[in-house]
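Work through the exercises below with the model open beside you. Try each task before you read its solution.

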Amino acid sequence: MAVRCRGALALGTATLAGWRFVINPEGFGSIAPQPGGRVHGVIWRLTARDLAAINAYESVDSGLYLRRRLAVQCGERRATALVYIASRQGEGTPRPGYISVVVEAARDWNLPEGYIRSLARWSPSGWRGARARDTGEVG
């Protein structure tokens, strides 16, 4: 986030009830409705410039992702968050290396271990490797 959105401020972790994490047909992360489901993530405060950068990165104008405002739980309080959802429904196979980045971010944010395991299951190889940061591959 820091690379694309220099003014972004992480407000902490949040959960989104009634949804589940999926890999879209293009091989990237999205969410899909699921009664009883729960998605964990990070909520950010963005500047107008940051929002424009995220919209461009997520290909909102070309229709790859749609923006929706959904209610999330941040600790003891509820908030409305802007969420990006793949416009094409269905599930696909993650692009090479994608799930390891998602899992690493989830670990960095101390998301629940069970949730992290559910993310790792999306890897075609059943990714269980060390984090890039721990191996010295990234700073």
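Two strands pair if DSSP finds at least two bridges between them. Helices (H or I, at least four residues) and strands (E, at least two) are DSSP runs, numbered from the N terminus. This is a predicted model: local features need pLDDT of at least 70, side-chain atom pairs count only at pLDDT 80 or more, and totals for chains, interfaces and linings use all residues. Residues are numbered from 1 along each chain as its sequence is written, and side-chain values use heavy atoms, with hydrogens and water left out.

**Exercise 1. The chain as a whole**

Task: List the elements of the chain in order from the N terminus.

Solution:
- Start with the count: the chain has four helices and four strands.
- Read from the N terminus: the order is β-β-α-β-β-α-α-α.
- Add burial (buried is under 20% relative accessible area, exposed over 50%, partly exposed in between; 1.4 Å probe, protein chains only). Of the 139 residues, 35% count as buried.
- Add contacts (heavy atoms within 4.5 Å). Take those between residues at least 6 apart in sequence: 59% join residues at least 24 apart.

**Exercise 2. Strand 1 and strand 2**

Task: In what sense do strand 1 and strand 2 pair, and over how many bridges?

Solution:
- Locate the strands: strand 1 covers residues 9-23 and strand 2 covers residues 29-45.
- They pair in the antiparallel sense over 13 bridges.
- Check two positions. F21 has I31 of strand 2 as its bridge partner. L16 stands opposite V39 in strand 2.
- Inspect the hairpin: five residues lie between the strands, and G27 takes a positive phi near 95°.

**Exercise 3. Strand 3 and strand 4**

Task: Which residue of strand 4 stands opposite L70?

Solution:
- Locate the strands: strand 3 is residues 65-74, and strand 4 is 77-86.
- Their pairing is antiparallel, over ten bridges.
- Follow the pairing to L70: A81 of strand 4 stands opposite.
- The hairpin has two residues between its strands, and G75 in the turn has a positive phi of about 65°.

**Exercise 4. T15 and P96**

Task: Is T15 buried or exposed?

Solution:
- Place the residue: T15 is in strand 1.
- Its relative accessibility is 17%, so T15 counts as buried.
- Name its neighbours, leaving out residues up to four places away in sequence: T15 touches R38, V39, H40, V72 and Q73.

Task: Is P96 buried or exposed?

Solution:
- P96 lies in the loop between strand 4 and helix 2.
- Its relative accessibility is 83%, so P96 counts as exposed.
- Look across the sequence: P96 and G27 are 69 residues apart along the chain, with 8.8 Å between their C-alpha atoms.

**Exercise 5. Helix 2 and helix 3**

Task: At what angle do the axes of helix 2 and helix 3 cross?

Solution:
- Inspect helix 2 (residues 98-108): I99, V102, V103, E104 and A106 are buried. Just after this helix, N110 takes a positive phi of about 55°.
- Axes are lines fitted to C-alpha atoms, for helices over the stretch in contact, and angles run from 0 to 180 degrees between N-to-C directions.
- The axes of helix 2 and helix 3 (residues 113-120) come within 9 Å and cross at roughly 175°.
- Helix 2 is therefore roughly antiparallel to helix 3 (angles over 145 degrees count as roughly antiparallel).
- List the contact: I99, V102, V103, A106 and R107 of helix 2 meet E113, I116, L119 and A120 of helix 3.
- Sort by class: seven residues are nonpolar, none polar and two charged. Ala, Val, Leu, Ile, Met, Phe, Trp, Tyr, Cys and Pro count as nonpolar, Asp, Glu, Lys and Arg as charged, and the others, Gly among them, as polar.

Conventions. Parallel < 35°, antiparallel > 145°, perpendicular 65-115°, else oblique.
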